[in-house]
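The following note sets out comments on the structure shown below. The points are numbered so that each may be taken up separately.

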Amino acid sequence: MADFDKLAAPVGTTLDRFIMMRQQDFLYATGELSQLLRDIALATKIVNREINRAGLINISGTYGAINVQGEEQQKMDVIANIRFIRALKNGGETCVIASEENDTIIDTEKYQGRYVVAIDPLDGSSNIDVNVSVGTIFSIYRRMSPINTPGTIEDFMQGGTQQVAAGYIIFGSSTMFVYTTGHGVNGFTYEHSLGEFFLSHPNMKIKDAGKIYSINEGLAMEMTEGVKAYLDYCKETDKETYRPYSCRYIGSLVADFHRNLLKGGIYIYPATKKLKTGKLRLLYEAFPLSFIIEQAGGKASDGINRMLEIKPTTLHQRTPLYIGSKTMVEKAEEMLRIHEAVKTSPQPLSKVERG
Ligand code: AHM
Ligand code: MG
């Protein structure tokens, strides 16, 4: 009998069910945001299938086009972009989309939609050809523009604190969907044979202090004195603070972020001599991951200011990013303050650096 009970035990909470259950967290919830999250989850399953087959059907490699960031687009960048845009258009809850792959906003022509979505459809896509984890990052706002009219660029300029939901998908050794609606962070793992995401990481929290620092240290000579001082600090020996830390850098933001969220750590992409406002994008990389890290008890900044309070001015704006365990981000900020007292004024975040 006991064995039968085991066999018949519920398989767990699916993402769909969890989204429905959490709908009540929102006053006046109409189910539209829930539907939107399910639309993203559906596109995720399709993209997941295509990423898994990428090596087999010769769709990895470059596409021959240059995207708005001046980078060569990967075939999978294009495919993922199409899949997510199509799912959001068909779903009907989104009036306008901002994508890393599109120069301007994408009008879905679903003007009754109350939401706008900023998305990096496939982050770290050059890693696909070497079978390394990639990810998707998304951010959702309620529209500011009047209902039943086209969405506008201003809908994306509300600021990170106005996000109603944000999430990422990691296509790794397993595929995970992690999201927040401002009531904690929950992670779901994909069960291929059932075609469902199941709740595997409820109420995710990041340690206050970790032992991992993640940064492209090969660019150290390009970095400021404050960042260099923090890197030295990471390598010093001190048992109390678990130093020296381990350096772990995949070069795939979602994968580096996900590992640090689970284990404790800091991810840094600072301003460099070449990229004076950093490399990563505010709207569809820094904002959503900052919303998630704060919900998990961590911290995110541009080295000076709380990331979520930075005012966006352009669609593809870049920002330096310091994100992860609270005390580690604070220490990095302190180093910047000490070593760059005179030079440290907020980066001119309005400047879009291409290429
Ligand atoms: P992408 O959006 O063009 O894929 O670039 C973002 C990626 C991040 O995933 C990763 O953390 C970073 O760029 C790596 O940059 P670098 O190679 O300069 O270290
Ligand atoms: Mg990206």
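Which side chain has an N or O atom 2.9 Å from an oxygen atom of ligand 1?

1. The side chain concerned is that of Asn 216, which places an N or O atom 2.9 Å from a ligand 1 oxygen. The model is a predicted one, and every distance in this note is computed from its coordinates.

2. Two further polar contacts to ligand 1 deserve mention. The side chain of Glu 100 has an N or O atom 3.0 Å from an oxygen atom of the ligand. At Leu 253 the contact is made by the backbone, where an N or O atom lies 2.7 Å from a ligand oxygen. On its own, ligand 1 has 470 Å² of accessible area, and the protein covers 83% of this.

3. The shell around ligand 1 comprises 16 residues, and Asp 123, Tyr 249, Leu 253, Tyr 267 and Tyr 269 are the closest. By class, the shell holds seven charged, five nonpolar and four polar residues. Strands E5 (115–123), E13 (266–269) and E14 (280–281) are the elements that each supply two or more of its residues. Both domain 1 (11–201) and domain 2 (212–344) contribute at least three residues to the shell.

4. The magnesium ion, ligand 2, has as its protein donors Glu 100 (OE), Asp 120 (OD), Asp 123 (OD) and Glu 285 (OE), at 1.9 to 2.5 Å. Glu 100 also makes the 3.0 Å side-chain contact with ligand 1 noted above, and Asp 123 is listed among the residues closest to that ligand.

5. The sequence spacing of the magnesium donors is E-x19-D-x2-D-x161-E. Because Asp 120 belongs to strand E5 and Glu 285 to helix H7, this pair ties together parts of the chain that are 165 residues apart in sequence. Asp 120 is buried, with a relative accessible area of 0%; for Glu 285 the relative accessible area is likewise 0%, and this residue is buried.

6. Helix H7 merits a separate comment. It spans residues 282–295 and is mostly covered, with 12 of its 14 residues buried. Among the buried residues are the metal donor Glu 285 and Tyr 284, Phe 287 and Phe 291. After the helix comes Gly 297, which has a positive phi, near 95 degrees.

How values were computed. Residues are numbered from 1 along each chain as its sequence is written. Chains are lettered from A and ligands numbered from 1 in the order in which they are written. This is a predicted model: local features need pLDDT of at least 70, side-chain atom pairs count only at pLDDT 80 or more; totals for chains, interfaces and linings use all residues. Side-chain values use heavy atoms; hydrogens and water are left out. A residue is near a molecule or strand if one of its heavy atoms lies within 4 Å of it. A polar contact is a pair of N or O atoms within 3.5 Å; within protein, one must be able to donate a hydrogen and the other to accept it, and residues adjacent in sequence count only if both atoms are side-chain atoms. Accessible areas come from the Shrake-Rupley method with a 1.4 Å probe; for residues, only the protein chains shown count as cover. Helices (H or I, at least four residues) and strands (E, at least two) are DSSP runs, numbered from the N terminus. Ala, Val, Leu, Ile, Met, Phe, Trp, Tyr, Cys and Pro count as nonpolar, Asp, Glu, Lys and Arg as charged, and the others, Gly among them, as polar. Domain bounds come from an automatic or database domain assignment. Buried means under 20% relative accessible area, exposed over 50%, partly exposed in between (1.4 Å probe, protein chains only). Donors are N, O and S atoms within 2.8 Å of the metal (3.2 Å for Na, K and Ca); water is not among the atoms, so sites may look incomplete.
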